Every structure is written in structure tokens, then in C-alpha cells.
Amino acid sequence: MSRRAVALVSGGMDSAVMLAPAREQGLISHALSVDYGQRHSSELAAAKRVARQLGAAEYKVVHVDLRSIGGSALTSDIDVPEAGGAGIPVTYVPARNTIMLAVALGWAEVLGASEIFCGVNAVDYSGYPDCRPEFIAEFERLANLATKAGIEGAGLRIRAPLLRMSKADIVREGMRLGVDFSTTVSCYQADAEGRACGHCDACRLRAQGFSEAGVADPTRYR
């Protein structure tokens, strides 16, 4: 019987490389993006391209209005800062990964999927608390406590294949898996055409990863 997986796809380089191993493992992937009111909406167009490129069985967008509660430079009128700074940055979106995984969990139950893939990374990232191994482990525990699939079925696994990889390692793995990075958008404030600012944390980390991997970065800058 074919194994199904739900994959959270944002349109960035990490989620593209995360989706490729699911294909390599022979899983039938159902790609999911969450439109949460983020300012960089061009990432959703990129997510659809990535899902198509990597052979997802279907692609779905679920709308959750996190702009109505704000609290982040990505969901309210707060300037996206230049790279750097101490502490958790203002680009952190309160509860975003928890909400996204919860939506993916619901769809996984409906589909009969036993695995949920997400592209969180705890090495080269901006310090978000919901990108840590502890968060992934605890959400998996919650998923199996709070669902019919967890109580009566075979259970659910949260897969985060990039969790302990550097950005350079992610670039190398993407090249091995045949990921077309030119279809991805990483910038926190990309314009409508997906062109990057070149200054935010996401741009800096992406550029650094490609440089350290010795691979040309196909990012388009405005």
C-alpha cells in the first residue's frame, strides 16, 4: 500500500529540499502551504512551483489570518530589520509553526497519511523557538495524543530532515536531489515578482549557504 505524507511547503529553499527526500523515499506527497497574511506573498507562488517541480500529488493552500493578531514584522506594519541583532527577532511570527503543523496534522488524518514533513532548521536560522528539535519532538507527542490516528491508528511522525543541517549542507543536498533553487523565494520582504532585498536575515543566510557550498545562488535581487 502506498505511503502518504503531508509536506509543509513555504516556497523557500529549505522546504524545497525537505520535499525532495519524500519523493526519493517513494512517498506520495501532498503539499500544503499556509497563507497566514505574510507580507512576502510571492512565496506562495514559489511554493506552488516547488510542489509541481518535485512531483507532489496535489497542492493546497489553507488561509489562516495571523495578520489580525500581528506581533511580527511579517504580519504587521513593523519594518523588517537588517541582518543581525540579539535575541529572537521581530520576524518571528507567534505560534506560526504550531499552527501550520496543526493544519497539516488535520489534513494528514483526512488523507490517512502517517508522516508530516516540515523544513525547520536549528543550525543556520534566525533563533526562532519553534525551529528547535525539542519543539518537533513535543509536537509529535501531541499529535499522537490528540488524534484518532494516534489513538486508534498506526500513529503519526513529524519528519524534519533538515533539522541539524547547515545552510551549506542544505544546498549540497538540494543539488544531489536535483532541486531547482531558481524556483524558490527565501527573502522576508520579496517583491511581487519574487525578487529579494539582499539585506534581511533570510537573504544573508541563503547567500552564505550557497557561498560556503561553492554553488552559484540563482536568487534574483531587486
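The following exchange goes through the strands, core, cavities and single residues of a predicted model.

Reader: What makes strand 1 and strand 2 a pair?

Author: A pair needs at least two bridges between the strands. Strand 1 and strand 2 are joined by 5 bridges, so they pair, and they run parallel. One contact of this kind links Arg-4 to Ile-28, its bridge partner in strand 2.

Reader: How do you know that strand 1 also pairs with strand 4?

Author: The cut-off is again at least two bridges. Between strand 1 and strand 4 (residues 115-117) there are 3 bridges, and these strands run parallel. Val-6 stands opposite Ile-116 of strand 4.

Reader: Which strand is joined to strand 3 by bridges, and how many are there?

Author: Strand 2 is joined to strand 3 (residues 58-63) by 6 bridges, and the two run parallel. Among the partners, Ala-31 has Tyr-59 in strand 3, and Ser-33 has Val-61 in strand 3.

Reader: Why is the unit of strand 1, helix 1 and strand 2 called right-handed?

Author: The term applies if, with the strands pointing away from the viewer, the path from the first strand over the helix to the second runs clockwise. Strand 1, helix 1 and strand 2 make a β-α-β unit that is right-handed. Strand 2, helix 2 and strand 3 make a right-handed β-α-β unit as well.

Reader: Why is strand 1 said to be largely enclosed?

Author: A residue is buried when its relative accessible area is under 20%. In strand 1 (residues 4-8), 4 of the 5 residues are buried, so the rest of the structure largely encloses this strand. For strand 2 the count is 6 of the 8 residues, so strand 2 is also largely enclosed by the rest of the structure.

Reader: What makes up the largest nonpolar core, and which residues touch the most other members?

Author: Membership needs a buried residue of a listed nonpolar type, joined to others through side-chain atoms within 4.5 Å. The largest core has 41 residues, and those touching the most other members are Leu-8, Leu-101, Cys-118, Ile-136 and Cys-200. At least two core residues come from each of strand 1, strand 2, helix 3, helix 4 (133-145) and helix 7. Helix 3 gives the most, with 6 residues. In soluble globular proteins, nonpolar side chains tend to be buried together.

Reader: How do you know whether Phe-139 is buried or exposed?

Author: The limit for buried is under 20% relative accessible area. Phe-139 has 5% relative accessibility and therefore counts as buried. Phe-139 is found in helix 4. Phe-139 and Asp-14 are 125 residues apart in sequence, and their C-alpha atoms are 20 Å apart in space.

Reader: Which class of exposure does Thr-98 fall into, and why?

Author: Partly exposed covers values between the limits of 20% and 50%. The relative accessible area of Thr-98 is 32%, so Thr-98 is partly exposed. Thr-98 has its place in helix 3. Along the chain Thr-98 and Ile-136 are 38 residues apart, and 9.5 Å separates their C-alpha atoms.

Reader: What sets the phi of Ala-95 apart?

Author: Most residues other than glycine have a negative phi. Ala-95 is not glycine, yet its phi is positive, near 65 degrees. Ala-95 lies in the loop between strand 3 and helix 3. With 34% relative accessibility, Ala-95 counts as partly exposed.

Reader: How many cavities does the search find, and how much space lies in the largest?

Author: A cavity is space where a 1.4 Å probe fits but cannot get out. The search of the whole structure finds 2 cavities of 30 Å³ or more, and about 740 Å³ of space lies in the largest. The largest cavity is lined by 36 residues, of which Ser-10, Asp-14, Arg-96, Gly-119 and Tyr-128 are the closest to its centre. Helix 3 gives the most to this lining, with 4 residues. By class, the lining has 19 nonpolar, 11 polar and 6 charged residues.

Reader: What lines the largest pocket?

Author: A pocket, unlike a cavity, is an open set of points. The largest pocket holds about 150 Å³ of space. Of its 16 lining residues, Thr-184, Val-185, Gly-194, Thr-219 and Arg-220 are the closest to its centre. Helix 7 gives the most to the pocket lining, with 3 residues. The classes are 7 nonpolar, 6 polar and 3 charged residues.

Terms used. Residues are numbered from 1 along each chain as its sequence is written. This is a predicted model: local features need pLDDT of at least 70, side-chain atom pairs count only at pLDDT 80 or more; totals for chains, interfaces and linings use all residues. Side-chain values use heavy atoms; hydrogens and water are left out. On a 1 Å grid over the protein atoms alone, a cavity is a set of points where a 1.4 Å probe fits but cannot get out, and a pocket is an open set with protein on both sides within 12 Å along at least five of seven lines; lining residues have an atom within 4 Å of a point. Grid points are joined across faces, edges and corners, and a volume is the space filled by probe spheres set on the points. Ala, Val, Leu, Ile, Met, Phe, Trp, Tyr, Cys and Pro count as nonpolar, Asp, Glu, Lys and Arg as charged, and the others, Gly among them, as polar. Buried means under 20% relative accessible area, exposed over 50%, partly exposed in between (1.4 Å probe, protein chains only).
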